[in-house]
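Before reading on, please take a moment to look over the sequence and the model shown below. The report that follows begins with a single element and then widens to the whole chain.

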Amino acid sequence: MKKILTYVLFIVLVVGFGALSGVSNMPGEWYQSLEQPFFQPPSWVFGPVWTTLYVLIAIAGARTWLEAPASGRMQVWFAQMLLNFLWSPAFFGSESPILGLLVIIPLLVSIIVFVRLSWNRDRVSGWLFVPYIAWVGFATLLNLSIVVLN
């Protein structure tokens, strides 16, 4: 029962805070006025992608918490969550693609570090972060492109 509650709590908190961060920092007219790269996905893609990623991130976090709550892996997991939740306020809230880039680069690094630290201890958690690496890598390219184009 404790395991199930841990998973539920992680999923509710991660998805909830992710949704709150996104809703509190919606792209507005400022963002629409920016020149976008040709590979910018349609806006409707972001909600389903992030919801799916947040569930995967939460499962990896719960697995890590249950195995080693005071470990370096858990600290990296919390660090990447903090950076993840800071990106929307940095980019959209501050209307600053450069500030967004300054947040997303260490976010991507922390995600890679989590996978590296997890790979030999809990390969499932490592694999759960692979789509997250791909998406944040793509988002980093988008963020950088917006900086260059504007």
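Helix α7, which covers residues 130-149, has 20 residues and reaches 29 Å from its first C-alpha to its last, close to the 28 Å expected at 1.5 Å a residue; the model in which it appears is a predicted one. Its buried residues are Tyr-132, Trp-135, Val-136, Ala-139, Thr-140, Leu-142, Asn-143, Ser-145 and Ile-146, and they pack against α2 (29-33), α3, α4 and α5 (97-119).

Helix α1 can be set beside it, and the table gives the values for both.

| Helix | Residues | Number of residues | Reach, first to last C-alpha | Expected span |
|---|---|---|---|---|
| α1 | 2-24 | 23 residues | 32 Å | 33 Å |
| α7 | 130-149 | 20 residues | 29 Å | 28 Å |

In α1 the buried residues are Thr-6, Phe-10, Val-14, Gly-18 and Ser-21, and their cover includes α3 (46-67) and α4 (72-93).

Turning to the whole chain, the protein has 7 helices and 0 strands. Its radius of gyration is 16 Å, close to the 15 Å that the globule rule gives for 150 residues, so the protein is as compact as a globular protein of that length. Along the principal axes, its C-alpha atoms fill a box of roughly 50 × 25 × 20 Å.

Of the 150 residues in the protein, 42% are buried, and among contacts with a separation of 6 or more, 78% join residues 24 or more positions apart. The protein exposes about 8200 Å², of which carbon and sulfur atoms supply 73%. Finally, there are 7 positive and 5 negative side chains, and the centres of these two sets lie 26 Å apart.

Conventions. Residues numbered from 1 in each chain as written. Predicted model: local features only at pLDDT ≥ 70, side-chain atom pairs only at ≥ 80, totals over all residues. Heavy atoms only, no water. Helix = DSSP H or I, 4+ residues; strand = E, 2+ residues; numbered from the N terminus. Expected span 1.5 Å × (residues − 1). Buried < 20%, exposed > 50% of the residue type's maximum accessible area, 1.4 Å probe, protein only. Contact = heavy atoms within 4.5 Å. Rg over C-alpha atoms; globule rule 2.2 N^0.38 Å. Areas by Shrake-Rupley, 256 points an atom, 1.4 Å probe, with all protein chains shown as cover. Lys, Arg positive; Asp, Glu negative; His and termini not counted. Charge placed at Lys NZ, Arg CZ, Asp CG, Glu CD.
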